[in-house]
Amino acid sequence: MKIVKPLLFFALSIFLMPFALADLSISGSSSFAAGHNSVLQIPITVSSTTDVNSIAMTVTSIQNNEVLPVTITDSNKTSINGSQSKDYTISYNIPKHFASGTYSTTINVSAKENSSGISVSAVKNVTVTVNQSKTFEAVPNIGFDIAPRANKSTTFQLKNSGNVNLTNITVTQTSQLTDG
């Protein structure tokens with residue numbers, strides 16, 4: 001009886017081995033920071049323990065009152081040989097007005113195992129922090145001459161070119177006055 005159990009296990013292992021599912025996985029960092037007006041690149045590696053094909057990848061968009069388009073480079077890499085991996089880069093264009101904050105995105109990878117045709121998948125959650133940018137510009141730039149004993153007034157606009165609300169703005173004269 002002691003010999004039968006190991007032989008039964010061995011026989012079942014050999015019978016079930018061709019039906020073992022691929023272990024599909026996604027590796028890479030789970031947290032990224034981005035500035036406004038930049039391209040955020042998220043490098044990932046997809047690995048499999050068996051041969052897989054028909055790799056498909058979907059990535060949820062980062063959203064905050066607008067949807068950011070996403071690009072996946074090397075999406076033409078649609079198969080992986082067993083115990084190997086493929087590298088991909090997911091890119092988001094972060095516009096300069098995109099609100100600062102922390103956002104979540106989900107990476108889904110699916111494939112079909114070559115030997116069985118069974119679908120396998122992996123999921124990775126990623127956190128993206130868009131940093132604050134407190135910047136403004138005067139439109140148009142201000143420059144003028146003043147005659148002696150004269151008053152001069154001008155108007156200008158400030159344009160918020162960052163991604164957060166600006167408050168308590170003070171305008172002061174910082175250049176040196178010179179005799180002309």
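Here are some questions and answers about the predicted model shown above.

Me: Let's start simple: how many helices and strands are there in the chain?
Reply: Walk along from the N terminus and you meet the α element, followed by a run of β elements. Count them up and the chain has one helix and 10 strands.

Me: In what order do the four strands of the open sheet sit?
Reply: Strands of a sheet pair through backbone hydrogen bonds, either parallel or antiparallel. Here the pairing is mixed. The twist from one strand to the next averages 25°. Reading across the open sheet, the order is 2-8-7-4.

Me: Which strands stand at the edges of that sheet?
Reply: Look for strands with a single partner, so that one side is left without a neighbour in the sheet. That fits residues 31-34 and residues 52-59, which are strand 2 and strand 4.

Me: How many bridges join strand 7 to strand 8?
Reply: Strand 7 covers residues 101-113 and strand 8 covers residues 119-130, and the two run antiparallel. As one example of how they line up, G101 stands opposite V130 in strand 8. The number of bridges joining strand 7 to strand 8 is 12.

Me: Is F136 buried, partly exposed or exposed?
Reply: F136 is found in strand 9, which spans residues 136-139. Buried would need under 20% relative accessible area, and exposed would need over 50%. F136 has 45% relative accessibility, so it counts as partly exposed.

Me: Which residues form a nonpolar patch on the surface with F136?
Reply: Together with F136, the patch has about 430 Å² of accessible area. For the whole chain, the accessible surface comes to about 12,300 Å², with 52% of that belonging to carbon and sulfur atoms. The partners of F136 in the patch are F156, L158, I169 and V171.

Me: What about S29: which residues is it in contact with, leaving aside neighbours within four places in sequence?
Reply: S29 is found in the loop between strand 1 (25-27) and strand 2. With a relative accessible area of 37%, S29 is partly exposed. Across space, its C-alpha is 7.7 Å from that of I44, which is 15 residues away in sequence. Setting those sequence neighbours aside, the contacts of S29 are K124 and V126.

Me: Zooming out, what percentage of the residues of the chain count as buried?
Reply: Take contacts between residues at least 6 apart in sequence: 70% of them join residues at least 24 apart. As for burial, the chain has 180 residues, and the part that counts as buried is 24%.

Note on methods:
Residues are numbered from 1 along each chain as its sequence is written. This is a predicted model: local features need pLDDT of at least 70, side-chain atom pairs count only at pLDDT 80 or more; totals for chains, interfaces and linings use all residues. Side-chain values use heavy atoms; hydrogens and water are left out. Two strands pair if DSSP finds at least two bridges between them. Axes are lines fitted to C-alpha atoms, for helices over the stretch in contact, and angles run from 0 to 180 degrees between N-to-C directions. Buried means under 20% relative accessible area, exposed over 50%, partly exposed in between (1.4 Å probe, protein chains only). Contact means heavy atoms within 4.5 Å. Accessible areas come from the Shrake-Rupley method with a 1.4 Å probe; for residues, only the protein chains shown count as cover. Patches are made of residues with over 30% relative accessible area and no salt bridge: like charges are joined within 9 Å, nonpolar side chains (Val, Leu, Ile, Met, Phe, Trp, Tyr) within 5 Å. A salt bridge is a side-chain nitrogen of Lys or Arg within 4 Å of a carboxyl oxygen of Asp or Glu.
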